[in-house]
Amino acid sequence: MSQVVILVATRKGAWLFHGDAARRDWRVDGPHFLGHVITHLQLDPRDGRTLLAAAKTGHLGPTIFRSTDLGRSWTEAKQPPAFANLPGLPARSVDHTFWLTPGHASERGTWYAGTSPQGLFRSEDGGATWTPLPSVNDDAQFRAWMGTQQDGTPDGPKLHSILVDPRDAAHLVFGMSGGGVHESHDAGRSWTPRVEGMEVVEGFDVNDISCHDPHCLRLCASNPDRLWQQNHCGIYRLDGPGRRWQRVGRAMPERVGDLGFPMLVHPRDADTAWVFPMDGSDVWPRTAPLGRPAAYVTRDGGEHWQRLAEGLPEEQAWWTIKRQAMAVDDQATPALYLGTTGGELWIGHDEGARWQNLARHLPEIYAVEVAALPA
C-alpha cells in the first residue's frame, strides 16, 4: 500500500502531513512559506515528487513556487500567470492564482492555473513559465460573462475547477464564479458554455451566463462522461452525452438545503459523491448549519443523501469548508479529508463514516489535497 500525503494550504503558509499506509500515524512537515497566503498546493501525480504552490506574498505579489523534492527546496516561477494588456480591452492584473491542475498523463510538464480575477493559464515546463489562454482571457464575450472585478465574492471572482478528461487531453472543463461552466474539445482554442439546467439567484436572468455561479466541479474518474457540481443554487449532476444539468440537491434535508462550496466524487463509483453544506439563510452567515458541521453522501446518483457526522462537533461549531478544502484518497476504502475555516484538519475514515481530528490551531485553511506516495 502507498503512503499518503495531505497538502494543506492556508492563509499563513502551507503544511504537509505524511501518513503511513494505514492512515493512522502522521508526520508534520511545515510550515512552508510562513506568513504568506497559499491558496492551493498540488502534487504532480505523473512523477510523485513535484509540488506547485500558488502564493500571494507581501513583497512579491501573486506568484507560483515549485519544488521537485517534495518541499525540501522551492524555486519561484520565472514567469507567473499575468494578463496580457490588449488594445480595446480594459487592463487587468492577477490578484492571486486560485486553482492549480496537472495536465493530462500524456503531457508531462503541462499544468493549468485559474486566477482571480477570472483567467486561465497554461504551463508546459512544469510550472516555471505560464502563458495566458487568449480564448478565455482576451475574448470580449468571456470578459462580459466575467462581470466586474468585484462581483461579491469576498476575496474576488474565481476561475476554478479546471478538469482534464483522463481519456482525452484536449477535453477541458472549468467553472467561473461568476460566469458559468465552459467546455473545450480542442485543448482550449474554443469553448462552449454548459449552463443548461442550472438555476440562478431569484431576480436574476437565467439566460445571462454572468449570473451563473458554480462553486465546484468534479469529474468522475470511473465515468468521465459524468460531472458533478456544487453551485450557489444547488447540487447538480450532468450525464454525457447529454448537456443538461439535473439538480439533485433537492433530496437533501430541507432544514440543511443544498448550498455549499466543496464537492467530491468517489474514485471508482460515479454514483457516490460528498458535499459539505453551509448555512444558506438570507444573511449568508457562511457557517455550518445550526453550528453542527457534517458531510453528506449520496450513493445513488443524488436520489438520497445521508448525514456523516460521527466524531465531528455536535454543537457550537460555526466553522465551514472552502471549495478547495475537501479531498478524497484512492485507497481501497477511501478516506475523506477536510480543512476548516477555524484551522482544523480532519480525516473521515471509511468514506467519511468516522471523523478524527488530525490538527488544530492552524491558520484558516484554504485548500486540502491528498496524494499517494511510493512506500
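Start with Leu-100 and Ala-113: Ala-113 lies in strand S9 and is the bridge partner of Leu-100. Keep in mind that this is a predicted model.

Now select residues 96-102. This is strand S8, and S8 pairs with S9 in the antiparallel sense over 6 bridges.

Move on to S9 itself, residues 111-116. How many of its residues are buried? The count is 6 of 6, so the strand is mostly covered. Show the side chains next. Trp-111, Ala-113 and Thr-115 point one way from S9. Tyr-112, Gly-114 and Ser-116 point the other way. Both sets are buried.

Add residues 119-123, strand S10. S10 runs antiparallel to S9, and 5 bridges join the two. Pick Trp-111 and look across to S10: which residue stands opposite? It is Ser-123. Then follow the chain from S9 to S10. The two strands form a hairpin, with 2 residues between them.

Leave the strands and go to the largest nonpolar core, which has 32 residues. Select Val-8, Phe-17, Trp-274, Met-326, Tyr-337, Trp-355 and Val-368; these touch the most other members.

Zoom in on Phe-17. Setting aside neighbours within four places in sequence, its contacts include Val-4, Val-5, Ile-6 and Val-8. Trp-26, Arg-27 and Val-28 are also among them. So are Leu-345, Ala-359 and Leu-362, in contact with Phe-17 as well.

Last stop: a second, separate core of 29 residues. Select Leu-172, Phe-174, Met-176 and Leu-217, which are among its members. In soluble globular proteins, nonpolar side chains tend to be buried together.

Terms used
Residues are numbered from 1 along each chain as its sequence is written. This is a predicted model: local features need pLDDT of at least 70, side-chain atom pairs count only at pLDDT 80 or more; totals for chains, interfaces and linings use all residues. Side-chain values use heavy atoms; hydrogens and water are left out. A nonpolar core is a set of buried Ala, Val, Leu, Ile, Met, Phe, Trp, Tyr and Cys residues joined through side-chain atoms within 4.5 Å. Buried means under 20% relative accessible area, exposed over 50%, partly exposed in between (1.4 Å probe, protein chains only). Contact means heavy atoms within 4.5 Å. Helices (H or I, at least four residues) and strands (E, at least two) are DSSP runs, numbered from the N terminus. Two strands pair if DSSP finds at least two bridges between them.
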